[in-house]
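Let's walk through this model together, one region at a time. Keep the 3D view open as you read.

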2 protein chains.
Amino acid sequence: MSNLSHSPNRWLRVNLDAMSPTSRPRNSRSGPVPAATVSRLTLYLRELGDLAEKGEETISSSRLADRLGITSASVRSDFQFIGVSGVSGRGYNVRNLIEQIKDSLGLSLVQRTIVVGMGNLGRALISYPGFQSRGFEIVAAFDTDPRKIGVRVGHRVVQSLEELESVVKTQKVSLAMLAVPAEVALEVAKQLWSAGVSGILNFAPTSLGEGEYVNVDVAAELQQLSFRTRSKGAARAAE
Amino acid sequence: MSNLSHSPNRWLRVNLDAMSPTSRPRNSRSGPVPAATVSRLTLYLRELGDLAEKGEETISSSRLADRLGITSASVRSDFQFIGVSGVSGRGYNVRNLIEQIKDSLGLSLVQRTIVVGMGNLGRALISYPGFQSRGFEIVAAFDTDPRKIGVRVGHRVVQSLEELESVVKTQKVSLAMLAVPAEVALEVAKQLWSAGVSGILNFAPTSLGEGEYVNVDVAAELQQLSFRTRSKGAARAAE
DNA sequence: AAATGTGAAGGATTTCACAGCG
DNA sequence: CGCTGTGAAATCCTTCACATTT
């Protein structure tokens, strides 16, 4: 349930009648939010966070676009998909924009997250300070290696995978970051889904089959970078 | 915005059985390789590596497609872009495929890479064993913190950024992974480009402006995952 | 004047569907 | 047969351009 209990305000003009998770405002460019839009929404959030810190109150589509190297039309069209409106001649209200993007990404409440696999990468993830401010809280860490279980990493104690299901339930975990060796990634992923996790961010270079997941494959990104530096001399930076 | 792709015809050469290191086929679906294709090529490489290990000699577009959750037409069309051909009724030769994809991504030679920033993430990257087999060698590590310089991480000794330029030159470094705090990322990126690095894989959640780079923003990926798990119940897993 | 909101145009990418080959 | 190679169709995404709003 999205709770937009902000006081009415002249910048914000959304139809927030009964927004159940799957319903969309209808002054939007109707239809489902395109994947390309979703991916840009996360970038807008990043920039808007900066702007808010600097005390900026409004932002125009074209200034925001410039910061990201995209077109202003693209920005406006993305905002329409999530039903955000601005003010002609002035722009969009930064604070509202942040709330509405968060809301449409399912980030109005902090998402409770776990890390599975306490190798170098898993430990780095646990200690990374940037999650909290972007909507995620790491509530537990897991490994199978008995030598690692019970050890403190950051400010969490590593637990056995046997405790997975109960932790997911009692702690209301929704997402997991999977940082285990590729050989076991699929197997552990199945355990995660069956324990009730709803999505996995997978750092192993493997497909995970049926469930909901996103891969982060650093070597693959390097390979794409390699291609760009070879072929086009004047390529646009992207992310 | 301006689309300044200025790559009409660079070098066009055949690469069927005659072998010449850097060649670009012409029985391709002419024109530049689409970004979407490039990103899938890296995934094909991953799967093909597995298949090769298992001793498979050929693979059909549809079996490969199934493994990645995409369509076989997509696979065939991607292969056409890089001028790879298969055999009717049989499929594609795994070993050749690997070579040709590597070739078209600029990976026929190992790419010499550095890591800048020896925090938790930088150290995890240095120790990650998966780069070598996918075409990258980490040849040096850098930090600015005097307490870290001279320290051994993995099997490299951390160097000062002052040595950057000379290392890039003498070691023929082409790519860098940037794992420094967001506040200094842009500044360090400029140093990297001016030292002669041709592409940067940026782990800080910031845009880097003009040069050639790709961002890996873990929190942003989590946010996209969050969206997917909220909205569509029957979403396709992707990467 | 400055900026939004949006049809319509234009590209890019994906998928279809099927002829033809081994 | 099974599978490739490929035009053509379909879909998705981006950008243009301009009327409209504050």
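A good place to begin is one pair of residues in a sheet: Phe142(A) has Gln159(A) as its bridge partner in β6(A). The two strands concerned are β4 (residues 136-143) and β6 (residues 156-160) of chain A, which pair in the parallel sense over three bridges. Strands here are DSSP runs of E with at least two residues, helices are runs of H or I with at least four residues, and both are numbered from the N terminus. Two strands count as paired if DSSP finds at least two bridges between them.

Before going further, a word on conventions: this is a predicted model, in which local features need pLDDT of at least 70 and side-chain atom pairs count only at pLDDT 80 or more, while totals for chains, interfaces and linings use all residues. Residues are numbered from 1 along each chain as its sequence is written, chains are lettered from A and ligands numbered from 1 in the order in which they are written, and side-chain values use heavy atoms, with hydrogens and water left out.

Back to the sheet. Strand β6(A) also pairs with β5(A), in the antiparallel sense and over two bridges. Here Arg152(A) is matched with Val157(A) in β6(A). β5(A) and β6(A) form a hairpin with two residues between them, and Gly154(A) in the turn has a positive phi of about 60 degrees. Zooming out, these strands belong to an open sheet of seven strands in chain A, with the order β5-β6-β4-β3-β7-β8-β9 and mixed pairing. Its edge strands, each pairing on one side only, are β5 (152-153) and β9 (213-215) of chain A. Elsewhere in chain A, β7 (residues 175-178) and β8 (residues 199-202) run parallel and are joined by four bridges; Met177(A) finds its partner Leu201(A) in β8(A).

How is chain A divided into domains? Domain 1 covers 16-21 + 108-218, and domain 2 covers 25-104; such bounds come from an automatic or database domain assignment. The centres of the two domains of chain A, taken over C-alpha atoms, are separated by 29 Å.

Now to the DNA. Which residues come nearest to DNA strand D? Of the 22 residues around this strand, they are Arg40(A), Ser88(A), Ser61(B), Arg76(B) and Gln80(B), where a residue counts as near if one of its heavy atoms lies within 4 Å. Of the atoms of DNA strand D within 4 Å of the protein, 61% belong to sugar or phosphate and the rest to bases. Both kinds of site appear among the polar contacts, which are pairs of N or O atoms within 3.5 Å (within protein, one must be able to donate a hydrogen and the other to accept it, and residues adjacent in sequence count only if both atoms are side-chain atoms). An N or O atom in the side chain of Ser88(A) is 3.1 Å from a base oxygen of DNA strand D, while a polar side-chain atom of Ser61(B) lies 2.6 Å from a phosphate oxygen.

For DNA strand C, 21 residues surround the strand, and the closest are Ser61(A), Arg76(A), Gln80(A), Arg40(B) and Ser88(B). The side chain of Arg76(A) places an N or O atom 2.9 Å from a base nitrogen of DNA strand C, and a polar side-chain atom of Arg40(B) lies 2.7 Å from a phosphate oxygen of DNA strand C. Helix α1(B) gives the most to the surface near this strand, with three residues.

Last come the salt bridges, in which a side-chain nitrogen of Lys or Arg is within 4 Å of a carboxyl oxygen of Asp or Glu. The structure holds 19 of them over all chains. In one, the closest N and O atoms of Arg46(A) and Asp217(B) are 2.7 Å apart. Arg46(A) lies in helix α1 of chain A and Asp217(B) in the loop between β9 (213-215) and α8 (218-230) of chain B, so the pair joins two chains. Arg46(A) is buried at 8% relative accessible area, and Asp217(B) is buried at 6%; buried means under 20%, exposed over 50% and partly exposed in between (1.4 Å probe, protein chains only). By contrast, Arg147(B), which meets Asp145(B) in a salt bridge (3.1 Å, N to O), is exposed at 70%.
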